[in-house]
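Student: I would be grateful for a close look at a single part of this model, set within the chain as a whole.

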Amino acid sequence: MTEEQQFPQQKETASQGAVCASSQEVPPRRKKRLRALLAVLLALVVAAVGFTAGWLGNEYSSDPRLRELEWMLGLLEDEHYKDVDMDAVYEEIYDAVMPDIFSTYYTPEEYAQRVAESQGHNEGVGISLITDGGSVRVYSVVENSPAQAAGLAAGMYVLGYSTVGGEVLPAQSSSQVTEFIRAQDGEFVLYASYDGSAAADASTAYTLARASYSAAYVVYRDSETSYAFRGANAELTRTDERLSGLDEDTAYIRLDSFDGNCSDEFAACLNVMKERGRSHLILDLRGNGGGYLSDLQSIASHLLKNAEGSNPLVAYAQYRDGTRRDYYATGNDYDDYFTQASKIYVLADENSASASECLIGALLDYGSIEPENIYLRKDEGAEHYATYGKGVMQSTFVSASGGAFQLTVARIYWPKGNCIHERGITDEDCAVGIVSPAIYGAEDSFLQQAIAAICS
């Protein structure tokens with residue numbers, strides 16, 4: 001989700017009370033008492049006026065529908081014959097307010113967590129699950145998370161779960177397993193395998209625990225080695241997971257999200273590519289649902305081949321009132337990493353959205369890639385295929401209580417004026433389709449086919 005993050009501005013206010021003194025001199029001690037008394041009286045007057053104005057404003061100026069709703073909620077909480085979970089009621093109301101699937105409300109606690117995650121500070125195990133045809137599978141694993149450290153990987157089947165030494169329970173749905181994970185304070189066990197028919201035993205046991213960790217979002221690989229961000233501070237580390245099939249001139253970089261410290265990680269991986277003498281790049285955006293516009297602006301600054309100026313346009317937003325806001329790259333250093341003969345290839349799927357689609361659009365508009373250098377996942381027998389198709393932007397508005405309303409406020413356009421909302425990048429744009437499963441197993445057949453086509 002492409003997002004413009006808006007933080008509340010702190011304002012300093014100073015109130016001054018003017019006191020008219022008579023020509024008669026007042027002794028110093030009596031001056032202090034009089035000033036204190038006047039201050040108290042003034043405060044009481046201001047409070048009374050404020051209360052009356054607020055009450056009158058609420059009673060006579062607010063939308064009568066809001067007053068009716070407030071009256072109904074009061075009766076629900078006080079008069080219903082059973083205790084009512086008002087938190088659940090308000091959650092339903094907040095959901096009902098959302099005008100589209102991209103807008104959402106965050107409680108103060110949820111928003112604080114979201115801000116922390118945007119800075120790379122995460123809590124939990126770093127795994128997302130999906131129910132696939134009656135089986136629970138690992139959809140994604142966050143780099144440098146407890147789940148990644150334990151050895152869990154995308155595409156595995158979750159066979160069961162248990163506390164350490166406890167009874168093994170079968171994994172019947174992703175929500176069931178997720179609820180179990182969230183309830184754990186210490187170590188627990190997930191039983192997982194690429195073989196969905198395997199037994200939940202010691203050979204499939206992965207022990208892990210919820211913890212604080214520095215999430216990472218970028219991975220580098222070439223034909224000889226690989227690098228990822230590991231450890232408490234997510235430092236660039238050689239991992240020696242070479243990618244077979246790549247030629248000696250081509251590097252592979254996977255970008256999982258426009259979040260956390262991804263822009264610095266991406267720059268570090270480009271430097272590795274440069275140091276290792278690779279001039280072509282395969283950029284993997286599969287499953288990347290987007291993130292922050294500021295990260296898009298930073299990452300795009302390295303990839304715009306024919307862009308002019310120090311800060312070329314990456315995208316622009318169009319608001320309901322006709323206002324346009326431009327978003328520029330933070331730099332323009334394509335030539336530091338690529339030559340005019342260099343090729344960039346993009347891998348994407350139906351879950352590549354928002355900032356991912358914006359980046360692809362900028363690469364197309366500046367000639368960094370050709371449409372036929374985009375490889376999209378397609379289902380067997382499918383005639384058409386596309387990326388997600390999210391061409392709108394959200395802004396986050398923070399309330400006085402610390403809650404946040406992430407609201408869709410504008411359409412997003414590529415530099416040359418294309419908006420792909422509710423369409424995506426498709427086969428009609430000459431993107432190449434690769435038949436592969438939506439969730440791959442031990443072998444990433446999509447990646448293998450793409451590499452074979454690119455490096456043959």
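Tutor: The account below goes from the chain to its open sheet, and then to one serine beside that sheet's strands in the sequence. This is a predicted model, in which local features need pLDDT of at least 70 and side-chain atom pairs count only at pLDDT 80 or more, while totals for chains, interfaces and linings use all residues. Residues are numbered from 1 along each chain as its sequence is written, and side-chain values use heavy atoms, with hydrogens and water left out.

The chain contains ten helices and 22 strands; helices (H or I, at least four residues) and strands (E, at least two) are DSSP runs, numbered from the N terminus. Of its 456 residues, 42% are buried, where buried means under 20% relative accessible area with a 1.4 Å probe, protein chains only.

Eight strands form an open sheet with mixed pairing, in the order β13-β12-β11-β14-β15-β18-β19-β22. Two strands pair if DSSP finds at least two bridges between them. Strands β13 (235–238) and β22 (432–435) stand at the edges with a single partner strand each, so one side of each has no neighbour in the sheet. From one strand to the next, the twist averages 25 degrees; axes are lines fitted to C-alpha atoms, for helices over the stretch in contact, and angles run from 0 to 180 degrees between N-to-C directions. Helix α7 (residues 262–275) lies across β11, β12, β13, β14 and β15, and runs at about 10 degrees to β11.

Within this sheet, β15 (residues 280–284) and β18 (residues 344–348) run parallel and are joined by four bridges. L283 has V346 in β18 as its bridge partner.

Which loop holds S352? S352 is found in the loop between β18 and α9 (355–365). The residue is buried, with a relative accessible area of 0%. Leaving aside residues up to four places away in sequence, S352 touches L285, R286, G287, N288, E357, T387 and Y388; contact means heavy atoms within 4.5 Å. A polar atom of the S352 side chain lies 2.7 Å from the backbone oxygen of L285. A polar atom of that side chain also lies 3.0 Å from the backbone nitrogen of D349. To summarise, S352 is a buried residue in the loop between β18 and α9, and L285 is among the residues that S352 touches.

How values were computed. Buried < 20%, exposed > 50% of the residue type's maximum accessible area, 1.4 Å probe, protein only. Polar contact = N/O pair within 3.5 Å; in protein donor to acceptor, adjacent residues only side chain to side chain.
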